[in-house]
Amino acid sequence: MSQATIKSFFKSPHFAVVGATPDPNKYGHKVFAWYLSHSLPVSGVNPRSPTVLTHETLASLKDLENPKGTSVSFITPPQVTRATLEVAAEIGIPAVWFQPGAYDGECVAFAKEKGMVVVARGKCVLVDGGIGVEAREKL
């Protein structure tokens with residue numbers, strides 16, 4: 001994964017975290033908090049939790065106001081990621097970031113086949129996201 005791919009992911013005006021959770025011990029919480037701490041416009045997606053860090057969540061990516069302008073981070077088991085990717089492709093999500101453990105080869109192949117920018121292969125927004133934020137701030 002190149003830095004250019006990460007920078008491309010951050011070109012979207014909005015972000016979503018599939019698997020955002022109120023449990024502070026889980027990465028869905030940590031990743032959602034990371035977006036907030038960098039003052040990025042983000043929506044949490046979790047059909048079972050109405051709020052995360054006092055922010056209302058969405059039940060589905062279908063509830064996004066501007067899906068074609070939203071890059072999505074996945075922190076879900078690969079089988080959930082695969083199912084949600086079908087929705088993402090259907091509504092025009094331009095870019096996805098598969099956090100470690102949230103994907104398999106099928107997820108990566110599907111997203112690329114659908115023309116999405118894909119960040120994967122062990123890259124984590126908590127470690128590598130600063131590259132994109134810096135590029136975004138220079139725009």
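**Close-up 1. Glu106 and its partner in helix α3.** Let's start at Glu106, which is exposed, with a relative accessible area of 52%. That value puts Glu106 in the exposed class because the class takes residues over 50%. Please keep in mind throughout that this is a predicted model. Glu106 forms a salt bridge with Arg82, and the closest N and O atoms of the two are 3.6 Å apart. Arg82 belongs to helix α3 and Glu106 to helix α4, so the pair ties together parts that are 24 residues apart in sequence.

**Close-up 2. The network around Arg82.** Here the view takes in Asp104 as well: Arg82, Asp104 and Glu106 are linked in a network of salt bridges. Asp104 forms a salt bridge with Arg82, with 2.2 Å between the closest N and O atoms. This pair links distant parts of the chain, as Asp104 sits in the loop between β6 (95-98) and α4 (105-113) and Arg82 in helix α3, 22 residues apart. Arg82 counts as partly exposed, with 25% relative accessibility. Asp104 also counts as partly exposed, at 25% relative accessibility.

**Close-up 3. Lys62 with Glu90.** A search of the whole structure finds three salt bridges, and one more pair deserves its own panel. Lys62 forms a salt bridge with Glu90, where the closest N and O atoms are 3.9 Å apart. The two residues come from distant parts of the chain, with Lys62 in the loop between β4 (55-58) and β5 (70-74), Glu90 in helix α3 (residues 78-91), and their positions 28 residues apart. Both Lys62 and Glu90 are exposed.

**Close-up 4. The largest nonpolar core.** Now for the interior. The largest nonpolar core has 23 residues, and Leu61, Phe74, Leu85, Val96 and Phe98 are those with the most contacts inside it. At least two residues of this core come from each of β1 (14-18), β5, α3, β6 and α4. Helix α3 gives the most to this core, with four residues. In soluble globular proteins, nonpolar side chains tend to be buried together.

**Close-up 5. Phe74 and its neighbours, with a second core.** Which residues does Phe74 touch, not counting residues up to four places away in sequence? They are Val18, Thr81, Thr84, Leu85, Val96, Trp97, Phe98, Gln99 and Ala102. A second, separate core of 19 residues includes Ile6, Phe9, Val17 and Phe32.

**Close-up 6. Helix α3 from end to end.** Helix α3 has 14 residues and reaches 20 Å from its first C-alpha to its last, close to the 20 Å expected at 1.5 Å a residue. Which residues are buried in α3? Thr81, Thr84, Leu85, Val87, Ala88 and Ile91 are. An α-helix has 3.6 residues a turn, so residues three or four places apart point the same way. The cover over the buried residues of α3 includes β1, β5, β6 and α4. Just after α3, Gly92 takes a positive phi of about 90°.

**Close-up 7. Helix α2 and the residue that follows.** In helix α2 (residues 27-37), the residues Gly28, His29, Val31, Phe32, Trp34 and Tyr35 are buried. Just after α2 comes Ser39, with a positive phi of about 55°, although Ser39 is not a glycine. Ser39 is found in the loop between α2 and β2 (42-45), and at 68% relative accessibility Ser39 counts as exposed.

**Close-up 8. Leu53 in its loop.** Have a look at the backbone here: Leu53 has a positive phi of about 50° although it is not a glycine. Leu53 is found in the loop between β3 (51-52) and β4. With a relative accessible area of 34%, Leu53 is partly exposed.

**Close-up 9. Ala59 beside Pro47.** Ala59 has its place in the loop between β4 and β5. The C-alpha atoms of Ala59 and Pro47 are separated by 3.9 Å, with the two residues 12 residues apart along the chain. Leaving aside residues up to four places away in sequence, Ala59 touches Val45, Asn46 and Pro47. Ala59 is partly exposed, with a relative accessible area of 47%.

**Close-up 10. A nonpolar patch at the surface.** We finish on the outside, where Tyr27, Leu126 and Val127 make a nonpolar surface patch of about 310 Å². Leu126 is found in helix α5 (residues 125-137). At 31% relative accessibility, Leu126 counts as partly exposed.

Notes
Residues numbered from 1 in each chain as written. Predicted model: local features only at pLDDT ≥ 70, side-chain atom pairs only at ≥ 80, totals over all residues. Heavy atoms only, no water. Salt bridge = Lys/Arg side-chain N within 4 Å of Asp/Glu carboxyl O. Buried < 20%, exposed > 50% of the residue type's maximum accessible area, 1.4 Å probe, protein only. Core = buried A, V, L, I, M, F, W, Y, C linked by side-chain atoms within 4.5 Å. Contact = heavy atoms within 4.5 Å. Expected span 1.5 Å × (residues − 1). Patch = residues over 30% accessible without salt bridge, like charges linked within 9 Å, V, L, I, M, F, W, Y side chains within 5 Å. Areas by Shrake-Rupley, 256 points an atom, 1.4 Å probe, with all protein chains shown as cover.
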